[in-house]
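Me: Got a model open here. Can you walk me through the contacts?

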Number of protein chains: 2
Amino acid sequence: MSVMTTTLAHPERDEIRITTVLQALADPVRLQIVRALAMHEEGLSCGVLPLGVTASTLTHHVRTLREAGVVRVRPQGTSRISSLRRDDLDALFPGLLDGVLAARR
Amino acid sequence: MSVMTTTLAHPERDEIRITTVLQALADPVRLQIVRALAMHEEGLSCGVLPLGVTASTLTHHVRTLREAGVVRVRPQGTSRISSLRRDDLDALFPGLLDGVLAARR
DNA sequence: GCTTTTGTTCGACGGGGATCGTACTACGGC
DNA sequence: GCCGTAGTACGATCCCCGTCGAACAAAAGC
């Protein structure tokens with residue numbers, strides 16, 4: 001336990017706010033991340049995505065999504081696997097995620 | 001029939017972008033406006049809403065919503081009647097609006 | 001015509017956020 | 001133990017946006 005198992009902070013379902021979620025989704029890069037995660041139920045390391053931003057910027061975006069309650073992040077080796085919190089989002093805002101993902105542009 | 005009575009600029013349905021819509025919705029005041037409009041199919045003058053912002057700020061918010069394609073605004077006397085572009089939004093992003101409006105907070 | 005009501009425009013201000021580079025940490029492989 | 005890979009932390013920068021007040025515009029009513 002000497003090691004601070006800093007499991008990354010995630011908001012509980014009832015702590016997720018619609019405004020925060022919308023703010024998180026209202027960015028092109030983060031929206032691209034969400035789209036990619038929607039196609040990988042098992043989750044994936046966002047570092048592999050061709051987003052055109054630096055690593056530190058990517059960290060910022062993933063943290064924003066995590067703190068908003070949009071994604072769940074779990075450490076795995078030197079990587080961090082992100083996955084969409086579909087169940088929570090669908091329960092709180094039914095249709096929102098589907099609507100966003102249905103957008104053609 | 002292209003009538004020139006369009007005083008205010010509104011994006012066509014196919015010009016509406018998901019990122020812009022999300023940015024428009026990602027503000028507490030504007031979200032409150034959208035919620036109010038959702039309860040008034042016929043539209044209403046946003047000036048009557050108890051939003052706690054000045055008139056000029058309200059103008060800014062309504063313009064943001066209009067330019068994003070979220071609301072339609074029509075002049076009526078000295079007032080401007082705003083109404084939700086439900087049909088367009090539902091067609092483009094089915095479920096998004098319902099999901100947002102379903103949010104308890 | 002004058003006033004009131006409603007809303008717009010403009011400029012200014014302040015805060016937040018998207019971005020980056022650099023330095024740093026953690027884990028895995030050799 | 002060393003190194004490479006993946007990601008984080010921190011500070012700096014820049015720009016956008018929400019906010020306001022003051023001045024203006026337009027329509028309605030008297």
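Me: Start with the DNA. How many nonpolar, polar and charged residues does the surface near DNA strand D have?
Reply: That surface has 13 polar, four charged and three nonpolar residues. Near means a heavy atom within 4 Å. Asp, Glu, Lys and Arg count as charged, Ala, Val, Leu, Ile, Met, Phe, Trp, Tyr, Cys and Pro as nonpolar, and the others, Gly among them, as polar.

Me: Caveats?
Reply: The model is predicted, with local features needing pLDDT of at least 70 and side-chain atom pairs 80 or more, while totals for chains, interfaces and linings use all residues. Residues are numbered from 1 along each chain, chains are lettered from A and ligands numbered from 1 as written, and side-chain values use heavy atoms, without hydrogens and water.

Me: Which residues come nearest to DNA strand D?
Reply: Ser45(A), Thr59(A), Arg30(B), His60(B) and His61(B), out of 20 around the strand. Sugar and phosphate make up 74% of the strand D atoms within 4 Å of the protein.

Me: What lies 2.3 Å from the side chain of His61(B)?
Reply: A phosphate oxygen of strand D, from a side-chain N or O atom. For Thr54(B), a backbone N or O atom is 3.1 Å from a phosphate oxygen.

Me: Switching to chains A and B. What area is buried between them?
Reply: About 1700 Å², with 70% from carbon and sulfur atoms. That is accessible area (1.4 Å probe) lost on being put together, summed over both parts.

Me: How many salt bridges between chain B and chain A?
Reply: Zero. The rule wants a Lys or Arg side-chain nitrogen within 4 Å of an Asp or Glu carboxyl oxygen.

Key. Buried area is the accessible area (1.4 Å probe) that two parts lose on being put together, summed over both. A polar contact is a pair of N or O atoms within 3.5 Å; within protein, one must be able to donate a hydrogen and the other to accept it, and residues adjacent in sequence count only if both atoms are side-chain atoms.
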